[in-house]
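Me: I would like a close look at a single part of this protein, taken slowly and with its surroundings included. Please centre the answer on the open sheet and on what lies around it.

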Amino acid sequence: MTSFALIGAAGYVAPRHMKAIKAVGGELKVAFDPNDSVGIIDSYFPDAHFFTEFERFDRHIDKMNRRGEKIDFVSICSPNYLHDAHCRFAMRSNADAICEKPLVLNPWNIDGLQEIERHTGRSVSTILQLRLHPAIKALKEKVAANQKNEFSIDLTYITSRGRWYYASWKGDEAKSGGVATNIGIHFFDMLSYIFGPPAMNVAHLREASRAAGYLTCGRASIRWFLSVDRNDLPPAIANEKTTYRSITVDDEELEFSEGFADLHIRSYEEILAGRGFTLTDVRPSVDIVSNFRKAPIELHRGERHPLVARHIS
């Protein structure tokens with residue numbers, strides 16, 4: 001049976017990893033989180049050891065290794081800025097890492113992880129579940145078969161967050177990478193995966209609650225807008241829904257609102273089969289968000305998303 005450890009058991013995404021570990025026939029041996037609100041573990045692995053101090057978690061993993069009770073994978077659901085450190089811990093503990101997105105905040109973090117991969121012989125896989133979505137796979141095939149030189153993309157993603165967001169690590173750009181990284185990374189990965197590597201990267205708006213810009217990826221010209229402010233929701237749905245997501249390709253809506261339920265399970269299945277997404281796979285999206293954070297605001301370069309105008313003076 002494949003054995004797992006989990007770093008970050010109390011967060012939003014951790015239950016998806018527990019469910020996936022269970023679904024692939026794995027066993028969660030030990031978990032760590034500074035927060036002890038982790039009762040969800042009982043639904044999947046009630047016998048898992050649990051620690052609220054990393055040092056005790058580290059010591060437990062070390063004891064397991066010395067007893068010959070090897071951990072095969074360390075699943076990482078910690079805050080974004082800790083991902084690379086926890087990936088290093090996994091590999092130095094003689095385990096492979098499975099890390100949530102964004103894998104890291106900057107491309108030079110990838111360089112360091114690749115060096116440790118070579119040194120330890122272990123590997124890092126990242127969760128890029130949109131690549132496994134049937135609608136995204138179909139679009140990639142459609143684009144590959146199309147001889148068109150350029151596709152026009154509009155990306156809008158608004159997912160409401162309350163005041164807690166700004167008090168948490170997610171509201172701290174140094175820890176989360178900001179809105180573009182925290183909620184946009186999987187879209188940027190998907191777009192570069194389908195259309196090609198990033199080239200032009202223009203920043204039109206960069207605030208604590210929203211971000212927007214213009215991006216070219218291979219054959220795609222992309223204007224995008226991301227927000228965690230409920231006031232940006234379309235008026236028609238603002239009283240009924242807290243999230244709005246739209247991607248159009250040449251003015252045609254890409255429908256992929258369904259089919260998300262088991263994508264973490266599919267991700268784990270692919271990783272255990274040796275087909276996980278690697279550090280090389282994740283680099284283009286990390287380049288995009290890292291360069292966006294450093295880019296000057298240039299309102300007159302690149303086509304602006306329609307929602308940008310209401311937020312500039």
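Reply: What follows goes through the sheet, then the helices beside it, and then some residues in the loops.

The model is a predicted one, and every value below is computed from it. The open sheet has 6 strands in the order 3-2-1-4-5-6, and their pairing is parallel. Strand 3 (49-51) and strand 6 (124-126) form the edges, and because each has a single partner strand, one side of each is left without a neighbour in the sheet. On average, and with direction ignored, neighbouring strands of this sheet are turned by 20° against each other.

Within the sheet, strand 4 (residues 73-76) and strand 5 run parallel and are joined by 4 bridges. One residue pair can be picked out here, since Ile76 has Cys99 in strand 5 as its bridge partner. Helix 10 (residues 263-272) lies across strand 1 (3-7), strand 4, strand 5 and strand 6, and it runs at about 150° to strand 4.

Strand 5 also leads to two loops that deserve a careful look. In the loop between helix 3 (83-92) and strand 5 sits Asn94, which has a positive phi of about 65° although it is not a glycine. Asn94 is partly exposed, its relative accessible area being 35%. The loop between strand 5 (96-99) and helix 4 (107-120) contains Pro102, and the peptide bond that joins Lys101 and Pro102 is cis, with omega about -10°. Both features are worth noting because most residues other than glycine have a negative phi, and most peptide bonds are trans. A further case of positive phi is Asp250, another residue other than glycine, with a value near 50°. Asp250 is placed in the loop between strand 11 (243-249) and strand 12 (252-253), and with a relative accessible area of 31% it is partly exposed.

The two helices named with these loops, helix 3 and helix 4, pack with their axes 10 Å apart and at an angle of about 0°, which makes helix 3 roughly parallel to helix 4. In this packing, Asp84, Cys87, Arg88, Met91 and Arg92 of helix 3 meet Asn109, Leu113, Ile116, Glu117 and Thr120 of helix 4. Helix 4 also holds Asp111, a partly exposed residue with a relative accessible area of 39%. Asp111 and Thr280 are 169 residues apart in sequence, while their C-alpha atoms are 9.7 Å apart in space.

Thr280 falls within the range of helix 11 (residues 279-294), whose 16 residues should span 22 Å at 1.5 Å a residue, and the end C-alpha atoms are indeed 22 Å apart, which agrees. Helix 11 nevertheless has a kink of about 30°, centred on Ser285, and Ser285 is among the buried residues of that helix, which also include Val282, Val286, Val289 and Phe292.

Returning to the sheet, the loop between strand 2 (27-32) and strand 3 contains Asp33. At 10% relative accessibility, Asp33 counts as buried, because the cut-off for that term is under 20%. Leaving aside residues up to four places away in sequence, Asp33 touches Gly8, Ala9, Ala10, Gly11, Phe50, Phe51 and Thr52. Asp33 and Ile71, by comparison, are 38 residues apart in sequence and 18 Å apart in space, C-alpha to C-alpha.

Technical notes
Residues numbered from 1 in each chain as written. Predicted model: local features only at pLDDT ≥ 70, side-chain atom pairs only at ≥ 80, totals over all residues. Heavy atoms only, no water. Expected span 1.5 Å × (residues − 1). Bend = angle between axes of the 7 residues up to and from the residue. Buried < 20%, exposed > 50% of the residue type's maximum accessible area, 1.4 Å probe, protein only. Pairing = 2+ DSSP bridges. Axes fitted to C-alpha atoms, helices over the stretch in contact; angles between N-to-C directions. Contact = heavy atoms within 4.5 Å. Parallel < 35°, antiparallel > 145°, perpendicular 65-115°, else oblique.
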